[in-house]
Amino acid sequence: MVEVCWEDVDEVKEIIADIRDGDCDLRWVIFGYEDAQMRTLVVVEAGDSGLDDLVKSLENDKIAYAFYEVQEKVFALFQWLPEEASGMAKARASIHRSFIT
């Protein structure tokens with residue numbers, strides 16, 4: 001199995017804490033892979049707007065994970081598996097999903 005890690009785990013924890021904090025404007029964050037080997041996850045983008053803007057920020061050929069505040073104190077984590085991503089990349093990402101959660 002291919003190991004995966006965070007590029008900066010402290011940054012990830014801080015952003016997620018900010019999204020969970022009702023006093024912060026951040027509502028979502030997108031995580032993606034740093035390179036084609038899919039070994040390092042990075043923060044791709046974070047935003048204070050709604051779901052439409054989050055979806056617009058997803059790329060058609062890159063697998064991503066997003067943490068989103070649906071409403072106050074209700075959050076969702078989802079995996080983006082675009083059709084253009086390779087089958088091998090999708091298989092790897094399915095294994096990494098448990099690492100994200």
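In the next few minutes I will go through three residues, Ala-93, Thr-40 and Asp-35, and their surroundings in this predicted model.

Let me begin with Ala-93, which lies in helix 3, the element spanning residues 87-100. Its relative accessibility comes out at 0%, and because buried means under 20% relative accessible area, Ala-93 counts as buried. If we set aside the neighbours within four places in sequence, what does Ala-93 contact? The residues in contact with Ala-93 are Tyr-33, Met-38, Ile-63, Tyr-65, Gln-79 and Leu-81. For Leu-81, which is 12 residues away along the chain, we also have a distance between C-alpha atoms, and that separation from Ala-93 is 8.3 Å.

Tyr-33 brings us to Thr-40, since both names appear in the next set of contacts. Thr-40 sits in strand 3, and with a relative accessibility of 13% Thr-40 is likewise classed as buried. Again leaving out neighbours within four places in sequence, Thr-40 is in contact with Val-4, Cys-5, Trp-6 and Glu-7, and also with Gly-32, Tyr-33 and Glu-34.

Glu-7 and Glu-34 then lead on to the surface, as they belong to a negative patch together with Asp-8, Asp-10, Glu-11, Glu-14 and Asp-35. Where in the chain is Asp-35 found? Asp-35 is located in the loop that runs between strand 2, residues 28-33, and strand 3, residues 40-47. Is Asp-35 buried or partly exposed? Its relative accessible area is 30%, so Asp-35 is described as partly exposed.

Note on methods. Residues are numbered from 1 along each chain as its sequence is written. This is a predicted model: local features need pLDDT of at least 70, side-chain atom pairs count only at pLDDT 80 or more; totals for chains, interfaces and linings use all residues. Side-chain values use heavy atoms; hydrogens and water are left out. Helices (H or I, at least four residues) and strands (E, at least two) are DSSP runs, numbered from the N terminus. Buried means under 20% relative accessible area, exposed over 50%, partly exposed in between (1.4 Å probe, protein chains only). Contact means heavy atoms within 4.5 Å. Patches are made of residues with over 30% relative accessible area and no salt bridge: like charges are joined within 9 Å, nonpolar side chains (Val, Leu, Ile, Met, Phe, Trp, Tyr) within 5 Å. Accessible areas come from the Shrake-Rupley method with a 1.4 Å probe; for residues, only the protein chains shown count as cover. A salt bridge is a side-chain nitrogen of Lys or Arg within 4 Å of a carboxyl oxygen of Asp or Glu. Lys and Arg count as positive and Asp and Glu as negative; His and the chain ends are not counted. The place of a charge is taken as NZ of Lys, CZ of Arg, CG of Asp or CD of Glu.
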